[in-house]
Amino acid sequence: MNLACNRFSVSGELVELDSLRYTPAGVERIALKIRHASTQLEAGIARQVQCDIPSLALGAAAQQASSLQLGQRVKAEGFLAQRSLRITQLVLHIDNITLE
């Protein structure tokens, strides 16, 4: 098993939150979107950054996310993976999400 570094942490506003569902194996699953906005330094210059991050939470993280409400500020931690074998869009797979 290759455990190369793939950790991602982001804070932002919860702008989309699907209802809690279950996989065929019975694991909780919830899709959500986090809108991040900040100022970052790039080459010594301040840059305004804004992006919407499609995210997915399974198991205990899905239970955490299902209790949240749109508009709340959250911090999410997890790893990045492509949406599917054919769709290369990146998705944040959340293993921990908390209110900021």
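Two strands pair if DSSP finds at least two bridges between them. The exercises below apply this to a predicted model.

**Exercise 1. The hairpin**

Determine how strand 3 and strand 4 run relative to each other, and describe the turn that links them.

Solution.
- Step 1. Locate the strands. Strand 3 covers residues 28-42, and strand 4 covers residues 45-58.
- Step 2. Count the bridges. There are 14 between these two strands. The criterion asks for at least two, so strand 3 and strand 4 pair.
- Step 3. Read the direction. The two strands run antiparallel.
- Step 4. Find the residues facing each other. Glu42 is opposite Ile45 of strand 4.
- Step 5. Inspect the turn. Two residues lie between the strands of this hairpin. Ala43 adopts a positive phi there, near 55°.

**Exercise 2. A second partner for strand 4**

Find the sense in which strand 4 pairs with strand 6, and name the bridge partner of Ser55 in strand 6.

Solution.
- Step 1. Strand 6 spans residues 90-99.
- Step 2. Three bridges connect strand 4 with strand 6, and the sense is parallel.
- Step 3. Ser55 has Leu92 as its bridge partner in strand 6.

**Exercise 3. Surroundings of Ser11**

Place Ser11 in the fold, then list what it touches beyond four places in sequence.

Solution.
- Step 1. Ser11 belongs to strand 1, residues 8-17.
- Step 2. With residues up to four places away set aside, Ser11 touches Ile34, His36, Arg73, Val74, Lys75 and Glu100.
- Step 3. Look for a polar contact. The side chains of Ser11 and Glu100 make one, at 3.4 Å. The cut-off is 3.5 Å.

**Exercise 4. Ala37 across the hairpin**

Give the strand of Ala37, its contacts beyond four places in sequence, and its C-alpha separation from Cys51.

Solution.
- Step 1. Ala37 sits in strand 3.
- Step 2. Outside its neighbours within four places, Ala37 contacts Val49 and Gln50.
- Step 3. Ala37 and Cys51 are 14 residues apart along the chain, yet their C-alpha atoms are 6.7 Å apart.

**Exercise 5. The whole chain**

Summarise the secondary structure, dimensions, surface and charges of the protein.

Solution.
- Step 1. One helix and six strands make up the secondary structure. Their order is β-β-β-β-α-β-β.
- Step 2. The C-alpha atoms fill a box of roughly 50 × 35 × 25 Å along the principal axes.
- Step 3. Of the 100 residues, 29% are buried. The exposed area is about 6,800 Å², with 52% from carbon and sulfur atoms.
- Step 4. Among contacts between residues at least 6 apart in sequence, 55% link residues at least 24 apart.
- Step 5. The protein has 10 positive and 9 negative charges, and their mean positions are 6 Å apart.

Key:
Residues numbered from 1 in each chain as written. Predicted model: local features only at pLDDT ≥ 70, side-chain atom pairs only at ≥ 80, totals over all residues. Heavy atoms only, no water. Polar contact = N/O pair within 3.5 Å; in protein donor to acceptor, adjacent residues only side chain to side chain. Contact = heavy atoms within 4.5 Å. Buried < 20%, exposed > 50% of the residue type's maximum accessible area, 1.4 Å probe, protein only. Areas by Shrake-Rupley, 256 points an atom, 1.4 Å probe, with all protein chains shown as cover. Lys, Arg positive; Asp, Glu negative; His and termini not counted. Charge placed at Lys NZ, Arg CZ, Asp CG, Glu CD.
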